[in-house]
Amino acid sequence: MQLQPASDSVSNLLSFLKCRKAAYLASNFESEMGTALEIAKRALTTNDVPVGAVVISPDGTVIGTGMNRREVDNDPTAHAEIVALRAASSAINTWRLDGHTIVVTLEPCAMCAGAIAQARIKTLVFGAWDTKAGAVGSVWDVLRDPRSPHRTEVIAGIREAECTELLSSFFKDFRK
């Protein structure tokens, strides 16, 4: 039997703990992503792209929600994340959302990733990847850019299949 060097054991343990943390965090956000999915479905009634977002305070309370409202409001900035961040900031009377989490059904675009950073959001949780305009790993990585003054933890792929299916169905019907 060969003994592994201590550094390998420590490295393996750290990798294991990171995987366990990711699995723990993922299971903690299943319900919140379900809420975001329900909100996203409401956007279908206004012919907006079905994206939903939920802002959660450090104590676990939902303090802001949003769905895409670009079509209904004729507002190019009315993405679900922006709507939810505005509602959350209004609810607690400050733009600083330190320690808060945002859960969104689709990987944020550059505008929304920038707003998440500016709001000082601690954690971003998203479902589906956006390979055309995603700014949290797909096309760009605004939130984890080493030049960025604010760091946001990113947890991706929560209920990914459901989030992807909702969007795929919308665009399939939209193109008919």
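**Note on the sheet, two helices and a histidine**

1. In this predicted model, strand 3 (residues 101–106) and strand 4 (residues 123–128) are paired in the parallel sense, over five bridges. Within this region, isoleucine 102 lies opposite leucine 124 of strand 4.

2. These strands belong to an open sheet of five strands, ordered 2-1-3-4-5, whose pairing is mixed. Strand 2 (62–67) and strand 5 (153–156) are at the edges; each has a single partner strand, so one side of each lacks a neighbour in the sheet. On average, neighbouring strands are turned by 15 degrees against each other, direction ignored.

3. Helix 2 packs on the sheet and touches strand 1 (52–56), strand 2, strand 3 and strand 4. The direction of helix 2 makes about 140 degrees with that of strand 1. Helix 6 also packs on the sheet, touching strand 3 and strand 4, and its direction makes about 60 degrees with that of strand 4.

4. How do the two helices lie to each other? The axes of helix 2 (residues 30–42) and helix 6 (residues 160–174) come within 11 Å and cross at roughly 5 degrees. With angles under 35 degrees counted as roughly parallel, helix 2 and helix 6 are therefore roughly parallel. Helix 2 contributes Met33, Leu37, Ala40 and Lys41 to the contact, and helix 6 contributes Glu162, Cys163 and Leu166. By class, five of the contact residues are nonpolar, none polar and two charged.

5. Histidine 79 is placed in the loop between helix 3 (70–73) and helix 4 (80–92). Its relative accessible area is 16%, so histidine 79 is buried. Apart from neighbours within four places in sequence, histidine 79 contacts Met67, Asn68, Arg70, Cys109, Met111 and Cys112.

Key
Residues numbered from 1 in each chain as written. Predicted model: local features only at pLDDT ≥ 70, side-chain atom pairs only at ≥ 80, totals over all residues. Heavy atoms only, no water. Axes fitted to C-alpha atoms, helices over the stretch in contact; angles between N-to-C directions. Helix = DSSP H or I, 4+ residues; strand = E, 2+ residues; numbered from the N terminus. Parallel < 35°, antiparallel > 145°, perpendicular 65-115°, else oblique. Contact = heavy atoms within 4.5 Å. Nonpolar A, V, L, I, M, F, W, Y, C, P; charged D, E, K, R; others polar. Buried < 20%, exposed > 50% of the residue type's maximum accessible area, 1.4 Å probe, protein only. Pairing = 2+ DSSP bridges.
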